[in-house]
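Visitor: I would like to learn how to read a structure like this one. Where do we begin?

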Amino acid sequence: MSGVVAGIDLGGTGSRFVVYGREGVIAFTAVATAVLGAGDLEQRLSRLVDTLRDLVPAGRALLGAGIGASGPVDRATGVIHNHETLPMFSGFPLAAALQERLAAAVTIDNDAVTAAIAEQRLGAGQGARHMLMVTLGTGVGAAFLVDGAPFRGPHGEHPEAGHIPIITSVGRCYCGGEGCWEQVASRSALQAMLRPHLPPDTEDRDILTRAAAVADQSIQDVFTRYGQLVGRGLSVLHSLYRPEVTILGGSAADYLPMFIDGMRHDLTRHPEFAIETAIRRAALGDNAGAIGAAVIARDALVDD
Ligand SMILES: [Zn+2]
């Protein structure tokens, strides 16, 4: 029996766990991040470990685990610095704490990076040499791969493209910048834009499905406007990186058909400035970040 690796995607709202073996994804589960993060630190860590262990099939050894987390992540220290949307797992050496409890190597990276790696290896970005991944979730994440390797800063930092300024009317963002893309292009932003068009008792998690089911003109107009706001940030990233493939992930990407026209409106340039990029929805869906986390865990084992 061969060993397995695990991937955890810690998102602002939902978190996902996968166990990955030679045959591909063996098991996965989703847990609300608020549930994972309740209680004291020891309880939170135990919940992560127990959720993972429950997924590992009997007789298969857990060789390593990867974590993809939203927001700034220090890969060297294994610390997440996302006090805004992931406070319960930020500010302490999470990777080391899990490594001790799992008795297996733990690797950590940003969740847009892990999603990008998963899509490039196994999903909608296979064969793409220059690939942009944008996740539209609780926030907006982005990663850019060249020949499969993520673009990084001098200390391994990943881009925080959710915080490119694109529209000043939304005021100051929690990052300290003004008019950040994330404030208007995240799934949370889309939910806020749609809320006035739905019955007041609609739960947050039901807003997108309900809106898509109604899809009257006023709701379609919201999706079109949202597409324009997504497109405005994408046009910046396209101008800088010139990706041959752009993949949209995160739960708002499930509604791409409803906002793609608005998005294309803001991406259109004169022919001599046009950027040829194939825009695709993530093929691995909401599991991309967790699968990519398992992939980096496996890569780390091979590199050792
Ligand atoms: Zn910001």
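**Reading a residue and a sheet**

Guide: This is a predicted model. Threonine 51 has a relative accessibility of 15%, so this residue counts as buried, the cut-off being under 20%.

Visitor: In which helix is threonine 51 found?

Guide: Threonine 51 belongs to helix α2, which covers residues 41-55.

Visitor: Which residues is threonine 51 in contact with, leaving aside its neighbours within four places in sequence?

Guide: Those contacts are Phe17, Thr29, Val31 and Leu36. In addition, the threonine 51 side chain reaches the backbone oxygen of arginine 47 at 2.5 Å.

Visitor: Now the sheet. In what order do the five strands stand?

Guide: The order is β10-β9-β8-β11-β12, in an open sheet with mixed pairing. β10 (149-150) and β12 (278-281) each have a single partner strand and stand at the edges, so one side of each is left without a neighbour in the sheet.

Visitor: In what sense do β11 and β12 pair?

Guide: Strand β11, residues 245-249, pairs with β12 in the parallel sense, over four bridges. Within this pair, valine 245 stands opposite alanine 278 of β12.

Visitor: Which strands does helix α4 touch?

Guide: Helix α4 (residues 111-122) packs on the sheet and touches β8 (130-136), β9 (140-146), β10 and β11. The direction of α4 makes about 130° with that of β8.

Visitor: And which strands does helix α8 lie across?

Guide: Helix α8, residues 217-241, lies across β8, β9, β11 and β12. This helix runs at about 150° to β8.

How values were computed. Residues numbered from 1 in each chain as written. Predicted model: local features only at pLDDT ≥ 70, side-chain atom pairs only at ≥ 80, totals over all residues. Heavy atoms only, no water. Pairing = 2+ DSSP bridges. Helix = DSSP H or I, 4+ residues; strand = E, 2+ residues; numbered from the N terminus. Contact = heavy atoms within 4.5 Å. Axes fitted to C-alpha atoms, helices over the stretch in contact; angles between N-to-C directions. Buried < 20%, exposed > 50% of the residue type's maximum accessible area, 1.4 Å probe, protein only. Polar contact = N/O pair within 3.5 Å; in protein donor to acceptor, adjacent residues only side chain to side chain.
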